[in-house]
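The following exercises concern helix packing, sheet order and burial. Please work through each task before reading its solution.

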Amino acid sequence: MDYDPEGGAINVRFLQADNQRANFIVQNFNLETANSLRRVMLAEIPTLAIDVVEVLDNTSVLADEFVCHRLGLIPLISKGVEDLLYSRECDCDGYCDNCAVVLTLNAKCTGSEIMKVYARDLVIESGQRSSDELGRPVITDSEGTGSCIVKLRRGQAIHMRCIAKKGIAKEHAKWAPSAAIGFEYDPANKLHHLDYWYEENADEEWPKDQERINLDGGPGNPDEPFNYDAVPTRFFYDVETVGGLDPDQIVTIGIETLQKKLARIMGELQGSGGGDGMDLGGAQSPTMNGAGYGGADGGYTTPGYGGASQWGGAGDAAQGGTTPYGATPYGQSW
Amino acid sequence: MTDQLPDAVNAPCWSPRIGTLVAHEPNCGLRDNQKDNRHVSHKADYDAENRFELFLLDDGQSKVEWKEETRKSSLYEHLPKPPLTNPTPSGVPNTAVFTFNKEDHTLGNLLSQRLLKYDYIVFSAYKVPHPLFATFDLRVSTDGSITPKDAIIKCCRDIVGDLEMLKSSFQTEWLGKKIVSEGEAERMAREQNNF
């Protein structure tokens with residue numbers, strides 16, 4: 001890469017990888033792209049969350065709105081949301097199977113003891129969905145209950161239909177796929193991007209992450225003159241999932257979302273006259289087999305994650321926008 | 001938001017206020033006509049309206065608009081004459097201002113910083129005119145060997161290429177690490193069972 005003084009290809013090194021988190025280092029990368037990826041992973045990855053609640057019965061002590069808000073924040077399994085349409089882009093009136101998952105919460109306390117209603121009591125109502133995973137509440141605790149929604153006393157009941165829709169965290173944080181994203185570079189502050197506050201001596205008063213400093217090429221040499229041209233090239237990410245998506249999916253979809261954003265800009269600029277000599281093919285790697293960076297309509301296909309999903313493209317359904325449900329109106333008309 | 005009287009005021013509902021609210025509020029849910037509109041549904045969160053305006057283009061709005069830089073410096077008379085990048089009477093050559101709609105720092109910082117790494121870019125910077133409006137302006141000057149628009153297209157393509165490399169490296173490393181850590185967990189479990 002021409003911008004990398006040390007040379008070497010972009011590569012990833014893992015520190016930790018499990019169902020909860022992906023802790024990795026990206027090397028030979030640049031700050032602006034690394035930060036954009038972080039921002040996209042935080043705010044622009046589509047997931048599923050309860051968005052509208054029909055209150056059929058609520059005699060609990062909590063007000064309808066209060067319970068609805070709690071329901072909205074419950075993490076739902078989002079594997080396969082790419083097959084779901086955004087509700088606002090769907091032809092249907094309100095919601096339908098192509099753009100929503102309906103969950104029901106129905107509980108009544110008949111015993112004399114206080115009854116707790118948990119996230120696990122949310123039952124998917126709509127049938128005929130191939131992956132019954134999609135929309136199930138995320139349950140990771142050892143009791144297998146999920147979070148507690150309300151407590152009911154004898155005779156109290158709650159009955160709600162929850163319509164879960166696809167969305168991104170820019171609209172509301174309940175759609176955020178990640179619980180937290182750790183992001184750091186230059187732990188030894190060799191680039192002086194940080195100016196530490198101190199009483200007497202910043203070096204002694206501030207804790208040091210020796211492990212990371214070693215991973216980042218050791219502490220700086222105080223005798224060396226400061227290099228004003230140095231730029232960060234190594235980035236520490238720690239992506240922790242809420243549970244709806246696997247941590248690697250968050251990163252992969254994040255990268256794809258950012259690519260799509262850029263592809264859209266390219267398409268848009270190219271569409272506005274001039275610059276015809278530019279061929280977009282250059283950006284495609286062999287793994288992208290013919291994924292079309294769209295024209296002005298933003299038609300763009302992503303590979304990966306079970307079945308090519310496609311949106312935006314007008315009429316080019318031949319590119320493989322078929323979903324497991326057959327008759328979804330992808331790429332046909334709206 | 002609505003000019004004429006909302007029709008839900010006349011709708012058969014035990015509370016006209018709820019009728020109006022439900023029928024004319026994009027953030028509000030649905031109502032059940034069969035049940036006298038009594039079963040109002042709630043938006044699971046109702047603390048801010050229309051936040052989708054942050055990322056959805058308005059009707060007829062385009063993603064990127066751009067125009068050549070025609071503004072002139074008030075110091076034009078005093079500036080050195082020959083260099084390409086200095087303002088001429090008709091504006092600044094090889095310079096354009098791009099307005100990106102419904103985008104934020106994610107793209108603004110990425111493009112403006114990345115553009116600076118090319119030799120033919122003379123100036124590149126972005127600004128968000130107002131934090132409440134999801135838009136940013138990107139001003140790009142080149143040395144004349146490429147138009148600002150083509151420079152951005154090339155820049156985008158390079159970033160997409162970089163991200164593709166990152167993605168493939170990430171996926172291979174993830175699989176590798178996952179297998180190793182799963183194997184380790186299994187071995188630990190087996191060792192614990194031996195006791």
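**Exercise 1: the sheet of chain B**

Task: Establish the order and pairing of the strands in the open sheet of chain B.

Solution. Step 1: the four strands are arranged as E2-E3-E5-E4 in chain B, with antiparallel pairing. Two strands pair if DSSP finds at least two bridges between them; helices (H or I, at least four residues) and strands (E, at least two) are DSSP runs, numbered from the N terminus. Step 2: strand E2 (64-68) and strand E4 (121-127) of chain B are at the edges with a single partner strand each, so one side of each has no neighbour in the sheet. Step 3: on average, neighbouring strands of this sheet are turned by 15 degrees against each other, direction ignored. Step 4: E4(B) and strand E5 (residues 135-142) of chain B run antiparallel and are joined by six bridges. B:Tyr126 is placed opposite B:Leu138 in E5(B).

The model is predicted: local features need pLDDT of at least 70, side-chain atom pairs count only at pLDDT 80 or more, and totals for chains, interfaces and linings use all residues. Residues are numbered from 1 along each chain as its sequence is written, chains are lettered from A and ligands numbered from 1 in the order in which they are written, and side-chain values use heavy atoms, with hydrogens and water left out.

**Exercise 2: helices across the sheet**

Task: Determine which strands of chain B are crossed by H5(A), and which by helix H2 (residues 105-115) of chain B.

Solution. Step 1: H5(A) lies across E2 and strand E3 (95-101) of chain B and runs at about 50 degrees to E2(B). Axes are lines fitted to C-alpha atoms, for helices over the stretch in contact, and angles run from 0 to 180 degrees between N-to-C directions. Step 2: H2 of chain B lies across E3, E4 and E5 of chain B, at about 165 degrees to E4(B).

**Exercise 3: two packings of one helix**

Task: Describe how H5(A) packs with H1(A) and with H2(B).

Solution. Step 1: the axes of helix H1 (residues 31-43) and helix H5 (residues 247-271), both of chain A, come within 9 Å and cross at roughly 110 degrees. H1(A) is therefore roughly perpendicular to H5(A), a term for angles of 65 to 115 degrees (under 35 is roughly parallel, over 145 roughly antiparallel, the rest oblique). Step 2: residues in this contact (heavy atoms within 4.5 Å) include A:Leu37 and A:Val40 of H1(A) and A:Ile250 and A:Leu258 of H5(A). Step 3: the axes of H5(A) and H2(B) come within 12 Å and cross at roughly 70 degrees, and these helices are therefore also roughly perpendicular to each other. Step 4: A:Leu258, A:Lys261, A:Leu262 and A:Ile265 of H5(A) meet B:Thr106, B:Leu107, B:Leu110 and B:Leu111 of H2(B).

**Exercise 4: burial and a lysine**

Task: Is B:Lys178 buried or exposed, and which residues does B:Lys178 touch?

Solution. Step 1: B:Lys178 belongs to helix H3 (residues 148-194) of chain B. Step 2: with a relative accessible area of 17%, B:Lys178 is buried (under 20% relative accessible area; exposed is over 50%, partly exposed in between; 1.4 Å probe, protein chains only). Step 3: not counting residues up to four places away in sequence, B:Lys178 touches A:Ala17, A:Asp18 and A:Asn19. Step 4: for the chains as wholes, 39% of the 195 residues in chain B are buried, and 48% of the 334 residues of chain A.
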